[in-house]
Amino acid sequence: MIFMIQKTLIYAIPLLIVAMAGMFAERSGIINIALDGIMIFGSFLGAVAVYLLQKNNILSGHPQLVFLIAMAVAALSGAVFSLLLSFSAINLKADQTIGGTALNLLAPAITLFIIKIFFMQDKLVMPKDIGFVILKDDLSPVGKAFFDKAYISTYIVIGLFIVLSIFLYKTKTGLRIRACGEHPQAADSAGINVHRMRYLGTTISGALGGLGGYIYIATTAGGTAEGPVAGMGFLALAIMIFGNWKPVTIALGSLLFGLLKCLSVIYTQLDINGDGICSLAKLGLPMYFYNLIPYVTVLVVLAFTSKKSRAPKAEGIPYDKGMR
């Protein structure tokens, strides 16, 4: 059970932060279909940062600091990349779904091109000795579940989740962001710069998406940047819709789908009863069956909950100040 909780958290954490990324953009009125592309771009530049630091022997012996720098680089990269979506959606008033899809196609093309040209590889692999795992001994069962072999990113994301939730619902700027996603005309009448708030919401979204992308490759993909991120961005979008654009329900959805996602990886090692028998492995079902579970579940859940979902009213609608 402890092993399953640990693995669930590893998969739930990137889903949580990327789903929060989607929520910030859409709360401001911008549909961020580009989360998958932002994850790819952020994870790639985060991996490049680690690669260059290790290759030049910079901060050797300080793996946690290297990991933090890589996370910061990934977040900054995601924020910059998201400006392409902001500019096309806000300034050019382009279709946001098409713009996001274009960025999803652009990101893996750019990353694979750079890896091939500058690194002469098909994929960029970070050094295995980065050492970003916190190890604790002699802990209680609850302590082992949350502190034994836990990534530092887990605690950072939980802290960000709390801070961002407070920011969105308890601060003046958060209220303005939400107002621009619900009724931009009324917000504009109250003196709020709608374009600026939408840029802010989408930039925060990009930073969180890039951060989530790096955390994903560092904690679940073996530290390898090779383009796609297994559709985690789209899964996070589904969690955001399932969570009805609210932080608490998004967190619950992330835990649920994190559990389903980790099953496809650990089903051959999962001893549910502690009797030494891996029951799921004995069923003889192919690996692809377990890989399908989270995505099929997403379709089923959305089919039953879509009628109760309430997206921001002005989501996806370009705002023209001259038209009210």
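Is Phe81 buried or exposed? At 4% relative accessibility, Phe81 counts as buried, where buried means under 20% relative accessible area, exposed over 50% and partly exposed in between (1.4 Å probe, protein chains only). The exercises below work in this way.

This is a predicted model, in which local features need pLDDT of at least 70 and side-chain atom pairs count only at pLDDT 80 or more, while totals for chains, interfaces and linings use all residues. Residues are numbered from 1 along each chain as its sequence is written, and side-chain values use heavy atoms, with hydrogens and water left out.

**Exercise 1. The whole protein**

Task: find how many helices and strands the protein has, and what share of its residues is buried.

Solution.
- Step 1. Start with the elements: the protein has 13 helices and four strands. Helices (H or I, at least four residues) and strands (E, at least two) are DSSP runs, numbered from the N terminus.
- Step 2. Turn to burial: of the 324 residues in the protein, 49% are buried.
- Step 3. Add the surface: the accessible area of the protein is about 15200 Å², and carbon and sulfur atoms account for 68% of it. Accessible areas come from the Shrake-Rupley method with a 1.4 Å probe; for residues, only the protein chains shown count as cover.
- Step 4. Look at contacts, meaning heavy atoms within 4.5 Å. Among those between residues at least 6 apart in sequence, 77% join residues at least 24 apart.

**Exercise 2. A network of charges**

Task: work out which residues are linked in a network of salt bridges.

Solution.
- Step 1. Recall the rule: a salt bridge is a side-chain nitrogen of Lys or Arg within 4 Å of a carboxyl oxygen of Asp or Glu. Searching the whole structure gives two salt bridges.
- Step 2. Take Arg27 and Glu182, whose closest N and O atoms are 3.9 Å apart. Arg27 belongs to helix 1 (residues 2-28) and Glu182 to helix 7 (residues 172-182), so this pair ties together parts that are 155 residues apart in sequence. Both Arg27 and Glu182 are buried.
- Step 3. Take Glu182 and Arg310, which form a salt bridge at 3.1 Å, N to O. Here Glu182 in helix 7 is linked to Arg310 in the segment after helix 13 (287-305), 128 residues apart. Arg310 is partly exposed, at 44% relative accessibility.
- Step 4. Put the pairs together: Arg27, Glu182 and Arg310 are linked in a network of salt bridges.

**Exercise 3. Pairs of rings**

Task: count the aromatic pairs, then describe the pair that Phe41 forms with Phe81 and the one that Phe242 forms with Phe257.

Solution.
- Step 1. Apply the rule: rings of Phe, Tyr and Trp (its six-membered ring) pair if their centres lie within 6.5 Å; planes under 30 degrees apart count as stacked, over 60 as edge-to-face and the rest as tilted. The count is four aromatic pairs.
- Step 2. For Phe41 and Phe81, the ring centres are 4.7 Å apart and the planes lie at 20°, so the pair is stacked. Phe41 is in helix 2 (residues 35-55) and Phe81 in helix 3 (residues 63-91), so the pair ties together parts 40 residues apart in sequence. Phe41 is buried, at 15% relative accessibility.
- Step 3. Phe242 and Phe257 make an edge-to-face pair, with 6.0 Å from centre to centre and 90° between the planes. This pair ties together helix 10, which holds Phe242, and helix 11 (residues 247-266), which holds Phe257.
- Step 4. Compare their cover: Phe242 is partly exposed at 28% relative accessible area, whereas Phe257 is buried at 1%.

**Exercise 4. Helix 10 and its glycine**

Task: find how many residues of helix 10 are buried, what covers them, and what Gly233 touches.

Solution.
- Step 1. Helix 10 is mostly covered, with eight of its eleven residues buried. Among them are Leu235, Leu237 and Ile239.
- Step 2. The cover over these buried residues includes helix 1, helix 2, helix 9 (194-219), helix 11 and helix 13.
- Step 3. Gly233 lies in helix 10 (residues 232-242) and is buried, with a relative accessible area of 0%.
- Step 4. Leaving out residues up to four places away in sequence, Gly233 touches Val18, Leu35, Asp36 and Met39. From Gly233 to Gly37 the C-alpha distance is 7.8 Å, although they are 196 residues apart in sequence.
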